[in-house]
Amino acid sequence: MALPASVPAGVKVCSPTVRPRDGRVRVDLPWQAPHTPPPVDGHTRGLGVDWGVNTC
């Protein structure tokens, strides 16, 4: 399978979401990239929020 140019090499491709819409099929192709944890300097907590809103 060929991946689009927007997906970098060496990432883990996750399960896609297939959405039929207007007689076509749209595919959301999530991927994960490895990272190193940031240094902990002065902060002990963080908050991340994903509203789960798909915009197309």
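Biologist: Is Val-53 buried or exposed?

Modeller: Keep in mind that this is a predicted model. Val-53 sits in the segment after strand 4, which covers 31-32. The cut-off for calling a residue exposed is over 50% relative accessible area. Val-53 has 63%, so the label is exposed.

Biologist: Which residues make the nonpolar surface patch of about 570 Å²?

Modeller: Let's start with Trp-51, another residue in the segment after strand 4. Trp-51 has 76% relative accessibility and therefore counts as exposed. To join a patch, a residue needs over 30% relative accessible area, and nonpolar side chains are linked within 5 Å. The patch of about 570 Å² is made by Leu-47, Val-49, Trp-51 and Val-53.

Biologist: And what separation do the C-alpha atoms of Val-53 and Cys-14 have?

Modeller: Along the chain, Val-53 and Cys-14 are 39 residues apart. In space, their C-alpha atoms are separated by 18 Å.

Biologist: What about Asn-54 and His-35, how many Å separate their C-alpha atoms?

Modeller: Asn-54 also has its place in the segment after strand 4, and with a relative accessible area of 57% it is exposed. Asn-54 and His-35 are 19 residues apart along the chain, and their C-alpha atoms are separated by 25 Å.

Biologist: Moving to the strands, in which sense do strand 2 and strand 3 pair, parallel or antiparallel?

Modeller: Strand 2 takes in residues 17-21 and strand 3 residues 24-28, with five bridges between them. One of the opposite pairs is Thr-17 with Asp-28 of strand 3. The two strands form a hairpin, and their pairing is antiparallel.

Biologist: Which residue in the turn of that hairpin has a positive phi?

Modeller: The turn has two residues between strand 2 and strand 3. One residue in this loop is exposed, with a relative accessible area of 70%. Its phi is near 55°, a positive value in a residue other than glycine. That residue is Asp-22.

Biologist: Which residue forms a salt bridge with Asp-28?

Modeller: A search of the whole structure turns up one salt bridge. The cut-off is a side-chain nitrogen of Lys or Arg within 4 Å of a carboxyl oxygen. Here the closest N and O atoms are 3.1 Å apart, and the partner of Asp-28 is Arg-19.

Biologist: Then how does Asp-28 count, buried, partly exposed or exposed?

Modeller: Buried would need a value under 20%, and exposed one over 50%. Asp-28 comes out at 24% relative accessibility, so the label is partly exposed.

Terms used. Residues are numbered from 1 along each chain as its sequence is written. This is a predicted model: local features need pLDDT of at least 70, side-chain atom pairs count only at pLDDT 80 or more; totals for chains, interfaces and linings use all residues. Side-chain values use heavy atoms; hydrogens and water are left out. Helices (H or I, at least four residues) and strands (E, at least two) are DSSP runs, numbered from the N terminus. Buried means under 20% relative accessible area, exposed over 50%, partly exposed in between (1.4 Å probe, protein chains only). Patches are made of residues with over 30% relative accessible area and no salt bridge: like charges are joined within 9 Å, nonpolar side chains (Val, Leu, Ile, Met, Phe, Trp, Tyr) within 5 Å. Accessible areas come from the Shrake-Rupley method with a 1.4 Å probe; for residues, only the protein chains shown count as cover. Two strands pair if DSSP finds at least two bridges between them.
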